[in-house]
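Me: Could you zoom in on one backbone spot you find interesting, and then walk me outward from there? Keep it casual, but do give me the cut-offs.

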Amino acid sequence: MSTANQSPVDSYELTRLDNGIRVVSATHPHTRGVSLAIYFASGSRYESNATAGISHYVEHMLFKGTKKWPTARDISEAVEGVGGNINASTGKEIVNYWVRVPASKFDLAAEVVCSLVREPILDQAEFEKERKVILEELDMTRDDPQSRISMLAEEITFPGHPLGRDVGGTSDSLQSLTRDDLVRHIADEYSPSSAVVSVAGPASHSDVLEVIERFLGEWAGGASGNREGTPGLATGQTVTVEHRAIEQANICLTMPGIAYEDPDRWTLALLNVILGDGMSSRLFQRIREELALAYAVQSFSHSHSDQGFYGVYAGVSPESAPGAIDAILEELRRFRGSVTADELTRSREYLKGRLVLGTEDTGGVVSWTGRQEALMGRILTVAEVLENFEAVALEDINRVAERIFDPRNYRLAVLGPFESGDEFESRLAAA
């Protein structure tokens, strides 16, 4: 790949091992740390109702012991004992296990992470103990208002669909899962052909390949399970209100968005900066600074392989909730056709800066290369991304605003001390 120095992520090499594992590495001789992550194109979207939460459950269990490091403490001490960090995350369409250590400890870090995915013990007693931990995690998430409003927003945007379900699953599904279910899931989902190993640090690509070959080269397995997504994005207006006796109301307005390879994604990213990403955005300036209706207000875009959703979140006092909703709807109405050339230029500069800051360390580089290769099968350079941002014109912003800001498909989730959603429904209907 390119060895130009526009960005640390642009100098990478990619090799597919004989067993199908893709290894991508970016060599940066002057860094003193190294990051490694293993990505799988897997996640909660591909779970049935009966197995909801199994991807997340597996993620937890892999840290409970492996053949060489048989306890959770052994695993954590191996990495933390050299000053490193190790963790994992489960999403809707991707799962990853990552580690960051001093560069001199790369072999150790690689062996630990590779051991997680290849040689987990899955002890039955630990399996039962972890079930309780995950159920507590679900309760904690539901108790947190900001986490709960996000869940409600996804539920009404993708009703009855895995994309609208908590990644952690449900109490019923977690209670019914067995250790054998997890064993089957790992066999189906964790295969060499679906794995991407991403590394960033001072090691050369050949040295990285030698290490990964040593720990994963003999790994054999078939292709991952079905990856065909099913539509789940709802249309039409909906309001859901969950009563909770709390001091702050949380509101989230959502609407159909776009997939992560949609040609309009560059335009939507710029549009989002102008509307509600940052303290200089329109939503922040109008709703917080001018009207003082909310402490927190922001817009966001979540994309999946074939669909996505766009939204606006605000945390407000209960008595300010109706006015805040009105103000948000008004900002969406006036957005179309009102964006200036100066706003577009500033949004470009904002995203350029975020790209630089997000990829200046080894963790950012690993995330950039590994996620793209796992999700799309290709890696865009920062230069390519910037070219796409530069190609966006004002008429593109207006066109995408017309596409996204369709009041007929607005869906509103409200969490707070409200007995009814009637007032919110009337406001949405008048949008």
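Reply: A292 sits in the loop between α10 (282-290) and β9 (296-303); helices (H or I, at least four residues) and strands (E, at least two) are DSSP runs, numbered from the N terminus. This is a predicted model, where local features need pLDDT of at least 70 and side-chain atom pairs count only at pLDDT 80 or more, while totals for chains, interfaces and linings use all residues. Numbering starts from 1 along each chain as its sequence is written, and side-chain values use heavy atoms, with hydrogens and water left out.

Back to the backbone: A292 isn't a glycine, yet its phi is positive, about 55 degrees. Most residues other than glycine have a negative phi. With 60% relative accessibility, A292 counts as exposed (exposed is over 50% relative accessible area, buried under 20%, partly exposed in between, with a 1.4 Å probe and protein chains only).

L122 makes a nice companion: again not a glycine, and again a positive phi of about 55 degrees. L122 belongs to the loop between α3 (106-118) and α4 (124-143). Its relative accessible area is 8%, so L122 is buried.

For burial along a whole element, try strand β11 (residues 411-416): six of its six residues are buried, so the rest of the structure largely encloses it. In a regular strand, side chains alternate between the two faces of the sheet. Here R411, A413 and L415 point one way, with L412, V414 and G416 pointing the other way. β11 runs parallel to strand β7 (residues 238-243), joined by six bridges, and antiparallel to strand β8 (residues 249-256), over five bridges; strands pair if DSSP finds at least two bridges between them. L412 is bridge partner to V239 and also to L253.

Helix α1 (residues 54-62) is mostly covered too, with nine of its nine residues buried, including H56, E59 and H60.

Zooming right out, the protein chain has 16 helices and eleven strands. Its radius of gyration is 23 Å, close to the 22 Å from the globule rule for 431 residues, so it is as compact as a globular protein of that length; that radius is taken over C-alpha atoms, and the rule is 2.2 Å times the number of residues to the power 0.38. Of the 431 residues, 53% count as buried. Among contacts (heavy atoms within 4.5 Å) with a separation of 6 or more, 80% come from residues 24 or more positions apart.
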